[in-house]
Amino acid sequence: MTLLPSGRIFFSRLRRAVWHLLRRIWRADRLYTFRLPCGARFDYPLDSAIGKFLFCGGFEAAELEFTRQHVKAGDIVLDVGANGGLYTVVMARLVGLTGHVYAFEPGARALKLLRHNIAVNELTNVTVIAAAVSNTTGQASFAVADDTAMKGSVPMLDLLLRNG
């Protein structure tokens, strides 16, 4: 007797299979357009960790829900390490025209994507700051991974290994 998976499991597996197929035929430099639950448009490379989780429907659901519950109209918020701007876009919608989002992103590729997502959503309540944020003043270098979602992982691992 063959048991069929429940509907939710079936559709999750189907979406993953479709994602694997699409990433083989989708040009690597082409952006895929996602619709966020708030109605905003979010363009991101399909062939990336974030692209996969957005496509399969499981990207940081708890964190996004927390953001929706706590960011209110008129708030001033920071998106530190904004990457392509998913949280920037969501928070800009939540704070409305009376609030403001400051998005910090040091990586050139992610910065370009961040500015693109702000522009396609016609957000006027966002200030992009092309810099990293730290507890010290100065300059530092960091590794940039092919997948912009992973850009901070290598230096953090190196730091943890060096400091025991």
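A salt bridge here is a side-chain nitrogen of Lys or Arg within 4 Å of a carboxyl oxygen of Asp or Glu. Keep that cut-off in mind as we walk through this predicted model, because searching the whole structure with it turns up two such bridges.

Let's start with the one in the hairpin. Arginine 41 and aspartate 43 bring their side chains together at 2.7 Å, N to O, which sits inside the 4 Å limit and therefore counts as a salt bridge. The two partners are placed quite differently with respect to solvent: aspartate 43 is buried, at 2% relative accessible area, while arginine 41 is partly exposed, at 27%.

Now zoom out to the strands around that pair. Strand β2 covers residues 41–45 and runs antiparallel to β1, residues 31–35, with five bridges joining the two. Together they make a hairpin with five residues between the strands, and glycine 39 in the turn has a positive phi of about 95°. Across the hairpin, tyrosine 32 stands opposite tyrosine 44 of β2.

As a rule, side chains in a regular strand alternate between the two faces of the sheet. With that in mind, take a look at phenylalanine 42 and tyrosine 44. They form a stacked aromatic pair, 5.6 Å centre to centre with 15° between the planes, and it is one of two aromatic pairs in the structure. Both phenylalanine 42 and tyrosine 44 are buried.

What else touches these two rings? Glycine 84 does: leaving aside neighbours within four places in sequence, its contacts are Phe42, Tyr44, Ala110, Leu113, Leu114 and Asn117. Glycine 84 lies in the loop between β3 (76–80) and α4 (86–95), and it is buried because its relative accessible area, 1%, falls under the 20% cut-off. Glycine 84 and alanine 110 are 26 residues apart in sequence, yet their C-alpha atoms are 5.2 Å apart in space.

The other salt bridge is in a helix. Glutamate 65 and arginine 68 meet through their side chains at 3.3 Å, N to O. They are three residues apart in helix α3 (residues 61–70), so about one helical turn separates them. Glutamate 65 is partly exposed at 35% relative accessibility, and arginine 68 is partly exposed too, at 33%.

Finally, head to the surface. Phe10, Leu14 and Val18 form a nonpolar patch there, with about 240 Å² of accessible area together. Valine 18 belongs to helix α1, residues 7–25, and is partly exposed, with a relative accessible area of 33%.

Key: Residues numbered from 1 in each chain as written. Predicted model: local features only at pLDDT ≥ 70, side-chain atom pairs only at ≥ 80, totals over all residues. Heavy atoms only, no water. Patch = residues over 30% accessible without salt bridge, like charges linked within 9 Å, V, L, I, M, F, W, Y side chains within 5 Å. Areas by Shrake-Rupley, 256 points an atom, 1.4 Å probe, with all protein chains shown as cover. Helix = DSSP H or I, 4+ residues; strand = E, 2+ residues; numbered from the N terminus. Buried < 20%, exposed > 50% of the residue type's maximum accessible area, 1.4 Å probe, protein only. Contact = heavy atoms within 4.5 Å. Pairing = 2+ DSSP bridges. Phe/Tyr/Trp six-rings, centres within 6.5 Å; stacked < 30°, edge-to-face > 60°.
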